[in-house]
Amino acid sequence: MADKKISALSAASALGGTEQLAGVQSGANVNITPNQLKEFCRTRRNVATGMIILNVGRDCGQSNHLVQTDANTIYWVFGGYNDNDLYYQKSTNGGVTWGDPVVITATITVAGIAVWFDKWTPDDTGGKIHVAYLDSASADILYKSIDTASSDTISSSIQVFNGASSATSTNTCLSITKSKAGNILIGFDIDAGTETGFYKSDNPVTAFTSKTDLNEATSDYYLLFPGSYTETADINAVFWDRSASQITVKTFDDSANTWSESAAVSGSLTSVSSGTVAPQFAVAVATATIGSLTKGDAYFAVWSNADTATAKLRAFKCAGSTGTITELTNVISSSGDDQAGAALSIDPATGDIYVFYLGLTSGADTAYTSLSVNYKKSSDGGTTWGSETGLTTTNRALTYITTSLTFTTNFCV
């Protein structure tokens, strides 16, 4: 690909700050190349493996992830670029620069987005990004896909759920995943418990069928992810029961069309509105057996509270073949205050687990007006975690954090 020039102003925007690129640019409007910017990011800011997008204003839903499809290509699905439509943007140089927004669906009012990539399901070799989204104007849940292996072809829209109303600001839950059998599954609570559901479609998607609902009380949160059971159509959900202040794992038995639930794996969890900060928990599945990881096992991180002294960022493993839950070492055992938000990613080439979060453990930041972005890494399956590593040099008003569930190389934030 031809080396594309960007201005220093664009470079500052890409960095998320206003500092000059010493040793790279000689003036305020001197063009620099993406490779120069990437090298600056790696050396000046000590950016380790990881890629994150942060927004102050974000759509509701718990699983609007970035998608890395290869070492250099990232997709970001989002709403409300200069209207209320649904878009994606694409980077082909590891997030250094981004192409123009591409319309996925027009003339709607996006109020929730959930994303799943084929290769986040173990042994899946597909290239589709599956997108579930809430149009608050019609109160419908809709589905489309982007075929990254076929010139980014966007599928036709398919109605998942014909709703009557929707809550568009806080505590909306929308999640999507793909089972090892190839089914697409979508769960949602779009109206504070009034309209909830769980739907399934074969792949390629032509229609969705209502299945037994996993929702309970109003405004619970959950993240769907594939299991590695003998019945490959079965999936799991990390379920945050906000009324009970606890986390469980629910398992969907496809042939029986039933949900079972584990004992509480984490209690004393203070509920935080998604309108304050989101998400407060994150999950990713190991797509390869490497290092201390077993293919099909899922890892998840959960904050016990947000913006609270002594809060814990706890870690767990869900065995893919059995659903057995094991608590791992805390990522953060005692926060100094002013921390929140969780994103988790697994490097399938090394088996390293990365947990990203907002705020310093020392409590030196201010939620949610002046926050840094940090991470800790585990190279032994969550038994130990490395030191807190900063990804940003300038604090900002941040209330949302997300990342691709897998990645393979170094990226700038």
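**Strands, sheets and cores in a predicted model**

Let me begin with strand β17, residues 235-241, where seven of the seven residues are buried, so the strand is largely enclosed by the rest of the structure. I should say at once that this is a predicted model, and what follows should be heard with that in mind. The two faces of β17 can be listed separately: I235, A237, F239 and D241 point one way, while N236, V238 and W240 point the other way, and all of them are buried.

On the question of partners, β17 pairs with strand β16, residues 221-226, in the antiparallel sense over six bridges, and within β17 it is N236 that stands opposite F225. β17 is also joined to strand β18, residues 246-253, by seven bridges, and these two strands again run antiparallel. In that pairing, Q246 of β18 stands opposite D241. The strands β17 and β18 form a hairpin with four residues between them, and there S245 takes a positive phi near 55°. As a reminder of the general background, strands of a sheet pair through backbone hydrogen bonds, either parallel or antiparallel.

Stepping back to the whole chain for a moment, the protein has two helices and 28 strands. Of its 413 residues, 58% are buried, and if we take the contacts with a separation of 6 or more, 54% of them are between residues 24 or more positions apart.

Now to a second region. An open sheet is formed by four strands in the order β12-β13-β14-β15, with antiparallel pairing. The strands at its edges are β12 and β15, the latter covering residues 209-211, and each has a single partner strand, so one side of each is left without a neighbour in the sheet. From one strand to the next, the twist averages 25°.

How many residues of the edge strand β12 are buried? The strand spans residues 173-178, and six of its six residues are buried, so far as its place in this model is concerned. Both of its faces are covered, with C173, S175 and T177 on one side, and L174, I176 and K178 on the other. C173 has a relative accessibility of 0% and therefore counts as buried.

The partner of β12 is strand β13, residues 184-189, and the two pair in the antiparallel sense over six bridges. In the register of that pairing, C173 has D189 as its bridge partner, and L174 has F188. The two strands form a hairpin with five residues between them, and in the turn G182 has a positive phi of about 100°.

There is another open sheet to describe, built from four strands in the order β20-β21-β22-β23, and its pairing is antiparallel too. Here β20, residues 281-285, and β23, residues 325-327, stand at the edges with a single partner strand each, so one side of each is left without a neighbour in the sheet. On average, neighbouring strands of this sheet are turned by 20° against each other, direction ignored. β20 pairs with strand β21, residues 298-303, over five bridges in the antiparallel sense, and A284 stands opposite Y299 of β21.

That brings me to the interior. Which residues have the most contacts inside the largest nonpolar core? They are I186 and F300, in a core of 74 residues. Strand β7, residues 110-117, gives the most to this core, with seven residues. Leaving aside residues up to four places away in sequence, F300 touches V238, I247, V249, V265, A282, V283, R314, A315, F316, C318, I325 and L344. A second, separate core has 17 residues, among them A343, F356, L371 and L398.

One of the residues that F300 touches is C318, which, at 1% relative accessibility, counts as buried. As to cysteine pairs, the count of disulfides comes to zero.

I will finish with a polar residue in a loop. N93 is found between β5, residues 86-91, and β6, residues 102-105. Is N93 buried or exposed? With a relative accessible area of 10%, N93 is buried, and its side chain makes a polar contact, at 2.7 Å, with the side chain of T97.

Definitions and conventions
Residues numbered from 1 in each chain as written. Predicted model: local features only at pLDDT ≥ 70, side-chain atom pairs only at ≥ 80, totals over all residues. Heavy atoms only, no water. Buried < 20%, exposed > 50% of the residue type's maximum accessible area, 1.4 Å probe, protein only. Pairing = 2+ DSSP bridges. Axes fitted to C-alpha atoms, helices over the stretch in contact; angles between N-to-C directions. Core = buried A, V, L, I, M, F, W, Y, C linked by side-chain atoms within 4.5 Å. Contact = heavy atoms within 4.5 Å. Disulfide = S-S within 2.5 Å. Polar contact = N/O pair within 3.5 Å; in protein donor to acceptor, adjacent residues only side chain to side chain.
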